[in-house]
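Subject: A structure for you to explore

Hi there,

Here is the structure I promised to pass on to you. Have a look at it first, and then read my notes underneath with the viewer open.

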Amino acid sequence: MDETAIPPSESVASLSVSSPPPPQTSSSQMSLEERFRIVRSVGEECIQEDELLNLLEKKPQPVCYDGFEPSGRMHIAQGVMKAINVNKLTSAGCKVKIWIADWFAQLNNKMGGDLKKIKVVGEYLIEIWKAVGMNLEGGQVEFLWSSDEINSRANEYWPLVMDIARRNKLPRIVRCCQIMGRNEQDELTAAQIFYPCMQCADIFFLKADICQLGMDQRKVNVLAREYCDDIKRKNKPIILSHHMLPGLQQGQEKMSKSDPSSSIYMEDEEAEVNLKIRKAYCPPQIAAGNPCLEYIKYIILPWFNEFKVERSPQNGGDKIYKTFEELAVDYESGELHPGDVKPALAKSLNKILQPVRDHFKNDANARELLRRVKSYKVTK
């Protein structure tokens, strides 16, 4: 290694929110409070709100990092919720770097570790986000393939990974294995031990100000903040963790790609959506932990700004809900029945998904990508 090179900890510590300001976006017309409200609304949890406010005040275009393993067909949380969140962030002036974690999927043995298949899945996922309405205009969203980026700047990336690994004990890294859908009791390969150190390094490698990932990724994001303490870096990445939608069946805390009944896929046909919602767990008068109501809260209301229930006059007539709180009151009182909720939910979901279906039917490249992805066996 070149002895004159800047040590990874020092190069990371030099990153600052006082970087030269980028060209102004339309968000420059927003007040600081409005930008904060929009960005904060993306996360179920924010670490820390005062740091987020300070960042937005000092940096006109903060960098948000989001990443995903290309590991199979895309479900609606990954498709629609990510599009909603990305569009909120860009509307508030953020730049979003979406990390296509192909090497990470290989480390985690997705698609049997076949990188060619993983890349096909990655291309398919990008096609879905384009079709569903992720705002990709103006260059505020950038898709980056981890293998390409790491190879092109290996002399920057790997010393950083090594520095993070050197500063942490093995049990601390193993506790982060939840980010891979694994737990501490699983039999882990050596490759899967690399994974948390690499994901932690990604945050600094991408010069991210905000980690915009799911609650299941929280531990490695906290590891990144602790690393900042170790290297005496003042500006820590802000953690903005979004909500995780449950599976559609009772007791499923998280959607499962290997269980088609647990989630709706982005290219599911209308009849498939209707059937899955009809069979979904939706206990009467219980709003907490009700997957159908969670779909309404986190997908339908943010997308349409309302939820319309169509009923006969004998059953109370049509009603439009503008807030989840209003809906929950009616549901818990019995005024709103699962028999009212499910058809209205299915209809709203089908409206969102129709452009995606059309794209995969009418675009030859997208159609071939979907055919290939469907042919792959999903591995845990």
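Let's begin with D268, which touches R73, S263, V273, K276 and R357, leaving aside residues up to four places away in sequence. Please keep in mind that this is a predicted model. You will find D268 in the loop between β6 (238–242) and α12 (270–278). Is D268 buried or exposed? Its relative accessibility is 1%, so D268 counts as buried, the cut-off for that being under 20%. Two links made by its side chain are worth finding in the viewer. One is a polar contact of 3.4 Å with the side chain of R73. In the other, the side chain of D268 reaches the backbone nitrogen of Y265 at 2.9 Å.

Another loop residue to look at is T189, located between α9 (170–174) and α10 (190–205). With a relative accessibility of 41%, T189 counts as partly exposed. Try picking out N108 as well: T189 and N108 are 81 residues apart in sequence, while their C-alpha atoms are 8.7 Å apart in space.

Next, go to helix α16, which covers residues 364–375. You can check its length yourself. At 1.5 Å a residue, its twelve residues should span 16 Å, and the C-alpha atoms at its ends are 17 Å apart, which agrees. Which residues of α16 are buried? They are A366, L369, L370 and V373. Looking down the axis of α16, you will see these buried residues fall within an arc of 100°, so they line one face of the helix. They pack against α6 (115–132) and α15 (338–362). On the other side of α16, A364 and S375 are exposed. The N-terminal end of α16 has a cap, D363, with a side-chain oxygen 3.0 Å from the backbone nitrogen of N365.

Last comes a pocket. The second largest pocket has a volume of about 570 Å³. Its lining is made up of 22 residues, and those nearest its centre are S41, K88, K297, Y298 and P302. The elements that give two or more residues to this lining are α2 (32–40), α4 (76–91), α13 (291–304) and α14 (324–333). Which element gives the most to the lining? That is α4, with five residues.

Enjoy exploring, and write back with any questions.

Best wishes

Technical notes. Residues are numbered from 1 along each chain as its sequence is written. This is a predicted model: local features need pLDDT of at least 70, side-chain atom pairs count only at pLDDT 80 or more; totals for chains, interfaces and linings use all residues. Side-chain values use heavy atoms; hydrogens and water are left out. Helices (H or I, at least four residues) and strands (E, at least two) are DSSP runs, numbered from the N terminus. The expected span of a helix is 1.5 Å times one less than its number of residues. Buried means under 20% relative accessible area, exposed over 50%, partly exposed in between (1.4 Å probe, protein chains only). The arc is that of the directions from the helix axis to the C-beta atoms. Contact means heavy atoms within 4.5 Å. A polar contact is a pair of N or O atoms within 3.5 Å; within protein, one must be able to donate a hydrogen and the other to accept it, and residues adjacent in sequence count only if both atoms are side-chain atoms. On a 1 Å grid over the protein atoms alone, a cavity is a set of points where a 1.4 Å probe fits but cannot get out, and a pocket is an open set with protein on both sides within 12 Å along at least five of seven lines; lining residues have an atom within 4 Å of a point. Grid points are joined across faces, edges and corners, and a volume is the space filled by probe spheres set on the points.
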